[in-house]
Amino acid sequence: MTTPLSHRALAMLRAVRAGRAELTASREPDFRVDGLACCDQAMARDLVHAGLVAAAGTGTKGTWLPATLTPSGETALASASPPAQRAA
């Protein structure tokens, strides 16, 4: 992603970092947080295609897998966070 991340994108990345998000095993994955479908599936797919979020492991098409931040996702989230939150 070449534009600054929106508040929604940052919230989605925080949910992934907290272990609350899942993706379907698919080229165009679905995304859910706390078991509920995300309201912005297009943003979820943008985060995956930008290489900020990935599924942990592999599965058959449509299988729900835990979502993880990639190193690029960690960097994007850290650079967007206020300095007090970066140490965590």
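Leaving aside its neighbours within four places in sequence, which residues is D40 in contact with? They are R8 and M12. The model is predicted, and the values below are computed from it. The protein has 4 helices and 5 strands, and buried residues make up 33% of its 88 residues.

**Overall layout**

- Read from the N terminus, the elements of the protein follow the order α-β-β-β-α-β-β-α-α.
- Of the contacts between residues at least 6 apart in sequence, 50% join residues that are at least 24 apart.
- The exposed area of the protein is about 5300 Å², and 56% of this area is supplied by carbon and sulfur atoms.

**Helix packing: α1 with α2**

- Two packed helices are described by the angle between their axes and the distance between the axes.
- For α1 and α2, the angle is about 65° and the axes are 10 Å apart.
- The two helices α1 and α2 are therefore roughly perpendicular to each other, since angles of 65 to 115 degrees fall in that class.
- On the α1 side, A9, M12 and L13 make the contact, and on the α2 side M43, A44 and L47 do so.
- The crossing in which α1 passes α2 is right-handed.

**Helix packing: α1 with α3**

- Helix α1 covers residues 7-17 and helix α3 covers residues 71-80.
- Their axes cross at roughly 120° and come within 10 Å.
- That angle makes α1 oblique to α3, because the roughly perpendicular class covers 65 to 115 degrees and the roughly antiparallel class begins over 145.
- From α1, the contact uses L10, L13, R14 and R17, and from α3 it uses E74, L77 and A80.
- The crossing of α1 and α3 is left-handed.
- L13 of α1 is listed in the contact with α2 and also in the contact with α3.

**D40, ahead of α2**

- D40 sits in the loop that runs between β3 (36-37) and α2 (41-49).
- D40 counts as buried because its relative accessibility is 16%, and buried means under 20%.
- The D40 side chain reaches the backbone nitrogen of M43 at 3.0 Å.
- M43 is also one of the α2 residues in the contact with α1.
- M12, which D40 touches, is one of the α1 residues in the contact with α2.

**A44, within α2**

- Where is A44 found? A44 lies in helix α2.
- The relative accessible area of A44 is 2%, so A44 is buried.
- Not counting residues up to four places away in sequence, A44 touches M12 and F31.
- The C-alpha atoms of A44 and M12 are separated by 7.7 Å, although the two residues are 32 residues apart along the chain.
- M12 is thus a contact of A44 and also a contact of D40.

**D34, between two strands**

- D34 is found in the loop between β2 (31-33) and β3.
- The phi angle of D34 is near 55°, which is a positive value in a residue other than glycine.
- Is D34 buried or partly exposed? D34 counts as partly exposed because its relative accessibility is 49%, and the exposed class is over 50%.

Notes
Residues numbered from 1 in each chain as written. Predicted model: local features only at pLDDT ≥ 70, side-chain atom pairs only at ≥ 80, totals over all residues. Heavy atoms only, no water. Buried < 20%, exposed > 50% of the residue type's maximum accessible area, 1.4 Å probe, protein only. Polar contact = N/O pair within 3.5 Å; in protein donor to acceptor, adjacent residues only side chain to side chain. Contact = heavy atoms within 4.5 Å. Areas by Shrake-Rupley, 256 points an atom, 1.4 Å probe, with all protein chains shown as cover. Axes fitted to C-alpha atoms, helices over the stretch in contact; angles between N-to-C directions. Parallel < 35°, antiparallel > 145°, perpendicular 65-115°, else oblique. Left-handed = near helix turned anticlockwise from the far one by under 90°.
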